[in-house]
Amino acid sequence: MKNLYFHAPYQTCFRINCDCDEINANLYLHFGKYISENKFPAEYEISITQNGEQYVMESGGTVRETSNPLLEIDRFIFEKTKYDNSVFAIHGAAVEYNGKAYLFSAATTGGKTTLATYLTNRGMGYITDDCILLDRENFCIYPYNTPIHLRPGGVEALKKCGISLRLKEYGSGIYQRFTYNPENCVTQKIPLGKIFFISRNENENKVEKMTTVEKFTELMKSPITLYDTNAEYIRFISRLAVQQCFILKYSDLDFVKEVIRNG
Amino acid sequence: MDNNLAHKILFAHLSSGKPVTLKVKGISMNPTLSENDEVTVESADEYFPGDILVFLYKNNELLIHRLLFIKNGRYYCKGDNAMRLEDVDRTQIAGKAVLRNGVPIPEPPEHLIELSYLVNRRFRKNGYSSDLTKQSGIYRFYKKYIDKKEDKTMIYQKNDSLDYIQADETGLAVFDAESGNTYLFDETGIDILKCLETPCTLDELLDRLCEIYDATPDFIRADVEEFLEQTVANKVVIVS
């Protein structure tokens, strides 16, 4: 049984103990530098025991059998994670260019991971591909450099753009993922540049301005976790709503690169 | 026929899938349903807010009132022309009215449910006094809304008990801590709410807005009325 700790900035810490070497190796692929054997005060414990082809997972007081423990660990961590009050956790990807952070907010399968991979391969700094940590006071973005997890469709899209990556594969079927560790990771917090609410399509490349009300509405939908709605939260959202936010529709990844480069 | 027996026959008939025609007694659903209207009632698998339900209430009363909301498995109903809220469980509901004198019953107007509930709230705050409630602004606003009759004496005012969070000149968020709801307003909404900082009638509000916008009162009346209906329903504007 190995004890590993998932310890990421500004969020809940988990202890994962597992008797399967393959699962432990996949945890490193999945969480990257945020998994280690270094001890941290963990709020939750997850225990995985192999039982033939199945795994018994114990977490949060419940026991279940699963054939995909990595997915179940991910789900449990997602459900239980609380973020520090000083940050606003956005479901999105972010890259750095010329010292500023450019955020891409979209739902799952919205294309933000492929976009982040493309842009980091075109010289931009990698901040994160799934959870953006934005400082509520000064709107700086903290780096959260988990390995990028690409779906097969993303890998294909990048190949078509001439990008070939050193990938490690894990999972299978609909849970198959390819991880990639960008070399140019941002390691310090950086000021916010722009926020883009992205949507991928077949034939349109366009940046649209947003009214304050539209920005407000999209920002209220953007968190990766549920926040209590109260006056203080609304005040924060309203401060964020006066930042530069745009709707970005793209069919061409290069278009997004030029949008950022052209300011 | 004994009432109990009649009710049992009604429930049995409806639960077998057959519609029933009933005659309305009383005025508690005016103007939606009137005395002596014939309503066709059908049973349904599910009932939704806005449906007009036939149900058995206390003391074996058979009522036909509108469902306002469902909470913890209880169905909260109220007559469109009444103040009381009745809560029943699913087993007490016989069916819902689908036709009025052979004509399909339309969906309720957009804010009817919220406004109807606000009348009940006022009724409860007034210690269940219908006389006091009839004098209240929200009741008079509701009557104007449902009867579609103008009341020139109603006074409107921005509700200062909510949190107003203005992002910039073009975006305002209003947060209601009691309900946890947030309402967003653009420049036009901001202008109207600014005009409502001082209490005024609808005509006075229209005049104020016409000083800001190059328009006549009649031109903007419908939009302003719709704005007031929405904001009174969500309590951003209070009426007296």
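Guide: A salt bridge is a side-chain nitrogen of Lys or Arg within 4 Å of a carboxyl oxygen of Asp or Glu. Keep that cut-off in mind. This is a predicted model.

Visitor: How many salt bridges does the rule find across the interface of chain B and chain A?

Guide: The rule finds 1 there. The side chains of B:Asp163 and A:Arg235 form the bridge, at 3.4 Å from N to O. That distance counts because the rule asks for within 4 Å.

Visitor: Which elements of chain B give two or more residues to the side that touches chain A?

Guide: They are strands β10 (163–168), β11 (171–176) and β12 (181–185) of chain B. β10(B) gives the most, with 4 residues. By class, this side of chain B has 6 nonpolar, 4 polar and 3 charged residues.

Visitor: How many residues does each chain bring to the contact?

Guide: Chain B brings 13 and chain A brings 12. Together the two chains bury about 1,000 Å². Carbon and sulfur atoms account for 75% of that area. On the chain B side, B:Ile165, B:Ala167 and B:Leu184 lose the most area to chain A. Those three make up 47% of what that side buries.

Visitor: How many residue pairs are in polar contact across the interface of chain B and chain A?

Guide: The rule finds 3 such pairs, with both residues at pLDDT 80 or more.

Visitor: Now inside chain A. What domains does the assignment give?

Guide: Domain 1 covers 2–80 and domain 2 covers 87–261. Taken over C-alpha atoms, their centres are 26 Å apart. At their interface, 17 residues of domain 1 are in contact with 15 residues of domain 2.

Visitor: What area is buried between domain 1 and domain 2 of chain A?

Guide: About 1,300 Å², with 64% of it from carbon and sulfur atoms. Look at A:Tyr10, A:Leu29 and A:His30. They supply 42% of the area that domain 1 buries against domain 2, more than any other three residues.

Visitor: How many salt bridges and polar contacts cross between these two domains?

Guide: The rule finds 0 salt bridges across this domain interface. For polar contact it finds 4 residue pairs, both residues at pLDDT 80 or more.

Visitor: Which elements supply two or more residues on the domain 1 side?

Guide: Helices α1 (21–31) and α2 (69–80) of chain A do. α1(A) gives the most, with 5 residues. The domain 1 side that touches domain 2 divides into 11 nonpolar, 5 polar and 1 charged.

Technical notes: Residues numbered from 1 in each chain as written. Chains lettered and ligands numbered in written order. Predicted model: local features only at pLDDT ≥ 70, side-chain atom pairs only at ≥ 80, totals over all residues. Heavy atoms only, no water. Domains from an automatic or database assignment. Contact = heavy atoms within 4.5 Å. Buried area = accessible area lost by both parts, 1.4 Å probe. Polar contact = N/O pair within 3.5 Å; in protein donor to acceptor, adjacent residues only side chain to side chain. Nonpolar A, V, L, I, M, F, W, Y, C, P; charged D, E, K, R; others polar.
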